[in-house]
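Here's a walk through one protein chain, from its overall build down to a handful of single residues. Have the structure open and follow along.

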Amino acid sequence: MNAQRPTTDESYWMATTPGTGYPPLDADLTADVAVIGGGIAGLCTAWDLVRAGLDVVVLEADRIAAGVSGATTAKVTAAHGLIYARLEAKQGADAAWLYARSQQEAVDRTAALCDELHIDAELERAPAFTYVQDPERVDEIEQEAAAARRAGLDASFVTDTELPFDISGAVRVGGQLQFHPRKFLLALAENIITAGGRIFERSRVTALHEDHVCRLTTESGATVRARDTVIATHYPVFDHSLLFTLLTPRRELVIAAPVPADAAPTGMYITPENRVRSVRSAPYDEGRRLLIVTGESFEPGAGDDVRGRFARLDAWASASLPPFAQADSVYRWATQDNDSVDRLPYVGHANPGTQHVFVATGFGGWGMSNGVMAGRLLTAHIVGGPRPAWTELFDPRRLPPVRATGELAAHQAAVAKHFIGDRLHTSHVDAVTDIPPGSGAVVRLDGHRCAVYRDEAGQVSAVSARCTHLGCLVHFNNAERAWECPCHGSRFATDGSVLHGPATRPLEPRETPDAPDRPDQRT
């Protein structure tokens with residue numbers, strides 16, 4: 001990262017919109033439907049349900065549109081990288097066509113909602129490109145363009161783009177969208193309230209019981225009774241169907257800087273090369289646009305140097321996109337996604353034994369279109385009547401296709417490696433005194449593995465290193481200063497509070513040592 005220019009460690013979408021102040025739930029209540037999670041999937045579902053005449057309550061653990069939906073790159077598109085040729089080969093042409101139809105409908109529905117509700121979300125129509133520079137991958141791109149076209153998209157193979165570097169080939173899909181996600185979602189939340197819905201923030205749900213009605217319990221002890229419940233928490237916080245065995249979390253870094261408007265791309269670009277690189281721009285101010293670059297896909301809690309990843313992404317952006325190198329300031333943040341074994345989302349009944357609990361997850365980095373799609377699909381399940389043609393394609397109760405068993409086995413092996421292997425390895429430091437200011441490490445204290453953080457002033461705090469989800473050991477993210485679980489992607493602040501599920505309970509506090517050089521500190 002260029003040290004000479006100011007850096008804002010916050011999502012641009014968060015920095016340019018007001019905070020929210022919906023009240024916490026402090027009393028028991030009843031509703032037709034309880035929606036857990038106030039991101040795009042939860043709010044779109046709540047809006048569709050309220051519009052259908054149901055009494056809906058949204059329960060958000062922190063602030064609405066401030067988690068993954070507040071950190072997205074905000075592309076609303078049916079062009080999801082190299083997916084259609086793969087879908088066609090593994091699940092057939094019908095699956096590819098249904099997937100494309102579901103996503104393009106979500107694109108068009110987003111535009112229609114902005115128009116109908118008079119939402120100024122900086123909505124722009126733009127083509128989406130998936131490109132490669134390696135000549136040996138051109139055949140792959142040509143096959144993807146052909147498969148996307150057969151799936152009904154406005155897709156073509158091209159070799160020229162507006163990017164300031166040469167490519168070997170790209171899939172171009174027309175008629176896609178980019179927008180300001182927070183402006184869209186905050187306005188949608190206001191419309192939910194106006195239509196009779198209720199939203200509660202700082203109301204983390206810690207228990208869910210399904211009987212003839214669903215009973216949800218929050219951290220405060222207040223309960224909600226609802227006929228139906230939707231789990232829209234990105235990674236399911238209640239998972240009786242064991243979807244966590246089918247989901248792989250990944251984290252990506254984002255950097256963004258204002259550049260001259262005539263030097264900014266108007267399209268949306270992504271490549272699977274160089275650990276993934278995504279480029280787009282957004283309105284900024286008079287004469288400038290915000291150039292947004294995403295990449296460095298990695299496993300949360302991998303224990304590697306995230307600061308170094310930010311530096312690599314900045315170096316790539318500065319070398320490949322010259323206006324970025326000249327920018328006078330930069331925003332940087334990170335986002336998180338969950339990939340399913342067959343690269344299709346899970347939207348529908350949460351498990352085979354439930355009639356009233358639904359889930360939306362596994363969006364694979366394409367949460368804007370899939371979140372809108374999930375709203376319509378879940379509403380069809382709950383309200384009744386005709387369901388979208390892609391209902392079965394996204395059913396969470398589906399079995400992984402035979403051809404995906406390799407990916408499933410690899411995911412389970414990786415989880416087992418962390419769950420068992422991390423307990424056999426020592427920490428990268430021997431004692432608390434070895435932890436530099438502004439950093440953290442797992443250290444053994446009084447026989448317990450502890451996640452120890454030393455702040456810039458030298459003050460030390462310690463929490464249990466065992467993730468409260470399923471017990472894997474957390475690792476420190478040195479750029480975001482957070483503890484991360486490599487097994488299922490839970491994230492915790494340095495004080496142990498939950499930043500990102502599936503964990504719902506904080507890391508347990510531990511006493512900090514009076515004598516930090518005791519021999520039992522070695523792990």
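Before we start on the sheets: two strands count as paired when DSSP finds at least two bridges between them. Also keep in mind that this is a predicted model.

**The overall build**

Let's begin with the whole chain. The secondary structure adds up to ten helices and 26 strands. The radius of gyration is 23 Å, close to the 24 Å that the globule rule gives for 523 residues, so the chain is as compact as a globular protein of that length. If you want a feel for the dimensions, the C-alpha trace spans about 65 × 60 × 50 Å along its principal axes.

How much of the chain is buried? Buried residues make up 59% of the 523 residues. As for contacts, take those with a separation of 6 or more: 70% of them link residues 24 or more positions apart. On the outside, the chain exposes about 20400 Å², and carbon and sulfur atoms supply 50% of that area. The chain carries 50 positive and 66 negative charges, and the mean positions of the two sets are 3 Å apart.

**A four-stranded sheet with strand 19 at its edge**

Now for the sheets. One of them is an open sheet of four strands in the order 19-20-21-26, with antiparallel pairing. Its edge strands are strand 19 (439-445) and strand 26 (509-510), each of which pairs on one side only. Is edge strand 19 buried or exposed? Six of the seven residues of strand 19 are buried, so this strand is largely enclosed by the rest of the structure.

Strand 19 and strand 20 pair in the antiparallel sense over seven bridges. You can find the register from A441, whose bridge partner in strand 20 is V452. The two strands form a hairpin with two residues between them, and in that turn D446 has a positive phi of about 50 degrees. On to the next pair: strand 20 (residues 448-454) runs antiparallel to strand 21 (residues 460-464), with five bridges joining them. Here Y453 has S461 of strand 21 as its bridge partner.

**A second sheet and another hairpin**

Another open sheet of four strands has the order 22-23-24-25, again with antiparallel pairing. Strand 22 (475-477) and strand 25 (498-500) stand at its edges with a single partner strand each, so one side of each is left without a neighbour in the sheet. Inside this sheet, two bridges join strand 23 (residues 482-484) to strand 24 (residues 491-492), and the two run antiparallel. W483 pairs with F492 of strand 24 as its bridge partner.

Elsewhere, strand 9 (residues 205-210) and strand 10 (residues 214-218) run antiparallel and are joined by five bridges. A hairpin of three residues links strand 9 to strand 10. In this pair, E210 stands opposite C214 of strand 10.

**Positive phi away from glycine**

Most residues other than glycine have a negative phi. The table gathers residues that go the other way.

| Residue | Phi | Place |
|---|---|---|
| H234 | near 70 degrees | loop between strand 11 (223-231) and strand 12 (247-260) |
| N274 | about 55 degrees | loop between strand 13 (268-271) and strand 14 (277-285) |
| D446 | about 50 degrees | turn of the hairpin of strand 19 and strand 20 |

N274 is partly exposed, with a relative accessible area of 38%.

**Two loop residues to look up**

D395 is found in the loop between helix 9 (367-383) and helix 10 (405-424). Why does D395 count as buried? Its relative accessibility is 16%, and the cut-off for buried is under 20%. Leaving aside neighbours within four places in sequence, D395 is in contact with Y346, V347 and H349.

E122 is in a loop too, this one between helix 4 (93-116) and strand 5 (124-132). What does E122 touch? Not counting residues up to four places away in sequence, E122 touches Q178, F179, H180, K183 and P283. For a sense of distance, E122 and L246 are 124 residues apart along the chain, and their C-alpha atoms are separated by 35 Å.

Terms used: Residues numbered from 1 in each chain as written. Predicted model: local features only at pLDDT ≥ 70, side-chain atom pairs only at ≥ 80, totals over all residues. Heavy atoms only, no water. Rg over C-alpha atoms; globule rule 2.2 N^0.38 Å. Buried < 20%, exposed > 50% of the residue type's maximum accessible area, 1.4 Å probe, protein only. Contact = heavy atoms within 4.5 Å. Areas by Shrake-Rupley, 256 points an atom, 1.4 Å probe, with all protein chains shown as cover. Lys, Arg positive; Asp, Glu negative; His and termini not counted. Charge placed at Lys NZ, Arg CZ, Asp CG, Glu CD.
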